[in-house]
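Work through the exercises below with the coordinates open. Try each task before reading its solution.

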Amino acid sequence: MQIFWHRRDPRIHDNAGLTAATRSGNVLPVFVYDTELLGTIGSRQRSFYFQCIRELQDQYRSLGSDLLVRSGSPEEVLPNIAAKHNADRVVYNEHYRPARQNREKAVKDALSAEDIDIKSLTDLVLVSPSRLDSRYPTHSQFYDDWEDVPKLSPFSDPDTDAFIEFSDAKTVPSPSSDIELPKPGYEGARERLDTFIDEGITSYNDNRDDLAGAVESPKTTVSRMSPYISVGAIGIREIWAAASEVYNAVHGSERRNVDKYRYELSWREQNYHLLYYMPDLAVSNYKTFPNDIDWRNDQEDFKAWANGKTGYPLVDAGMRQLEQEGYIHNRPRQVVASFLTKHLLIDWRKGARYFTKQLIDHDYASNHGSWQWIASTGTDSVDVRIFDPVSQLAKYDSGAKYVKQYIPELQDVPADKIVDWPTLSPGERSQLAPQYPHPIVDRNGGYERAQRVFEEALGKR
Ligand SMILES: Cc1cc2nc3c(=O)[nH]c(=O)nc-3n(C[C@H](O)[C@H](O)[C@H](O)COP(=O)(O)OP(=O)(O)OC[C@H]3O[C@@H](n4cnc5c(N)ncnc54)[C@H](O)[C@@H]3O)c2cc1C
């Protein structure tokens, strides 16, 4: 008998390790509620993840089996369960997050001391980082190699007869969340994917940056699959296959739109690649600088940023979307991160930590990899990348629909004045929206200061 140890993969479909385990005999599905590790993610994502675990348990129960849930550290819990159920093998899917790798190592040591076999598989990514070079200076160089590796089809469903028949009353806690969460579990993920495949993917490239569109049709201009992908409620091969099926069926501009969606998944793959080869991605700059970056780390500025009160409408709308939904559209996500690290010169690690707490789609690799990219400490073809929050708003939300969705103080202000807000005179601003803040940093002054500080760090000044 074998144990399948569910980790960041609360699903039965397209699950590499689970399918492999059922091919070799009976399987006892187990989830270890590891309080220490789960304490490192935000309470919103934890609630969503636990709801996904409960859905998984229900699925096992409907198949006449169950998900055995126990709390504690896996290196203690798993050998105990194995001894009690006479299991001779533990199977699981690998993860590249250092804390999870440390768990794996401790589990391996504990199980091999008891003569229990252990088998781990690659499930998290479309292309195992081990198949690629260890370092790529830019995303496009990574992409060229990654694209050449054939992608696997979804793993076939496991043989459900292999799941042992049992029932157990224990489950995971059900902490409440301060925000509305998406429908959990595989079913929620598949529904979301189907809607996007039917209504959004063939216009994805055209619409993905349209912020007014994102307000009107939030589930079709972009997929909003990230909460599901980040907790592992759906397999990445299943998403790739669904997108590829459309890709093969359409032509011309529709095909280009679909291809862009598949391309975006490669950013996630690159972030896992970075983490795989650089386990301290969350703490150390990926790029080596000859001089220190002169971060200002002003606490009041950080507070204004976190509370959506910087006086930069797109930044504030993004941060308030984060507060209200645990999610930020990718365009403002880039702008808020750039604003923090460049205009305010606050260390990217502080921003990443805040996102970890607030996001329901927090992904250890994508969060830290993306913060590093935005902060110009990661991989990028540009030395110092700075997003101008005013021109970004003019380009992607000129009617200020997205901004007005999240900032009630600007409800009655004409769109062109919202776009130009940071450059209006203080008197005009006070007249137009007395409740909304004045900019906390000068638009051009902040830009030029960031440019100087980064060029000094790079030894270019
Ligand atoms: C500072 C910063 C922090 C981020 N933190 C996270 C995070 O914690 N978790 C997370 O999933 N994404 C993160 N991203 C990437 C991106 O913003 C989100 O993946 C995307 O907005 C999720 O919305 P969606 O599912 O509608 O995306 P879609 O546009 O529909 O894309 C589909 C999927 O592709 C992947 N993807 C798309 N763009 C990116 C990208 N740039 N980087 C990595 N994966 C991508 C995601 O899995 C996403 O769900 C971050 C980006 C920035 C700039």
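## Exercise 1: A helix pair

The axes of helix H4 (residues 74-84) and helix H5 (residues 98-113) approach within 8 Å, crossing at roughly 35°. The model is a predicted one. Task: find which residues of H4 and H5 make the contact, and sort them by class.

Solution.
- Step 1. Take the hand of the crossing: H4 and H5 cross in the right-handed sense.
- Step 2. List the contact, using a C-beta limit of within 7 Å. H4 gives Pro74, Glu75, Leu78, Pro79 and Ala82. H5 gives Arg103, Ala106, Val107, Ala110 and Leu111.
- Step 3. Sort by class. The contact of H4 with H5 holds eight nonpolar residues, two charged and no polar.

## Exercise 2: Another helix pair

Task: describe how helix H16 (residues 348-358) and H17 cross, then name the residues in contact.

Solution.
- Step 1. Fit the axes. Those of H16 and H17 come within 10 Å, and the crossing angle is roughly 145°.
- Step 2. Assign the hand: H16 passes H17 in a right-handed crossing.
- Step 3. Collect the residues. From H16 come Trp348, Gly351, Ala352, Phe355 and Thr356. From H17 come Asn367, His368, Trp371 and Gln372.
- Step 4. Classify them. The contact of H16 with H17 has four nonpolar, five polar and no charged residues.

## Exercise 3: The sheet

Task: work out the strand order of the open sheet of five strands, and find its edges.

Solution.
- Step 1. Follow the pairings. The order is S3-S2-S1-S4-S5, and the pairing is parallel.
- Step 2. Pick out the strands that pair on one side only. These edge strands are strand S3 (68-71) and strand S5 (117-121).
- Step 3. Compute the turn. Neighbouring strands of the sheet are turned by 25° against each other on average, with direction ignored.
- Step 4. Inspect one pair. Strand S1 (residues 2-6) and strand S4 (residues 89-93) run parallel, joined over three bridges. Gln2 stands opposite Arg89 in S4.

## Exercise 4: Domains in contact

Task: split the protein into domains, then analyse the side of domain 2 that touches domain 3.

Solution.
- Step 1. Set the bounds: domain 1 (2-123), domain 2 (185-277) and domain 3 (299-457).
- Step 2. Place the centres. The C-alpha centres of domain 2 and domain 3 are 25 Å apart.
- Step 3. Count the contact: 15 residues from domain 2 and 17 residues from domain 3.
- Step 4. Trace the elements. On the side of domain 2, helix H9 (211-216), H10 and H12 each give two or more residues. H12 has the largest share, six residues.
- Step 5. Classify that side of domain 2: nine nonpolar, four polar and two charged residues.

## Exercise 5: Around the ligand

Which residues come nearest to the ligand, and which helices supply at least two residues of the shell?

Solution.
- Step 1. Start with the 27 residues around the ligand. Ser223, Ser226, Asn330, Asn367 and Ser370 come nearest.
- Step 2. Map the helices. At least two shell residues each come from helix H10 (226-231), helix H12 (252-277), helix H15 (330-343) and helix H17 (364-374).
- Step 3. Map the domains. Domain 2 (185-277) and domain 3 (299-457) each contribute at least three residues to the shell.
- Step 4. Sort the shell by class: ten nonpolar, ten polar and seven charged.

Conventions:
Residues numbered from 1 in each chain as written. Predicted model: local features only at pLDDT ≥ 70, side-chain atom pairs only at ≥ 80, totals over all residues. Near = placed C-beta within 6 Å. Helix = DSSP H or I, 4+ residues; strand = E, 2+ residues; numbered from the N terminus. Nonpolar A, V, L, I, M, F, W, Y, C, P; charged D, E, K, R; others polar. Domains from an automatic or database assignment. Pairing = 2+ DSSP bridges. Axes fitted to C-alpha atoms, helices over the stretch in contact; angles between N-to-C directions. Contact = placed C-beta atoms within 7 Å. Left-handed = near helix turned anticlockwise from the far one by under 90°.
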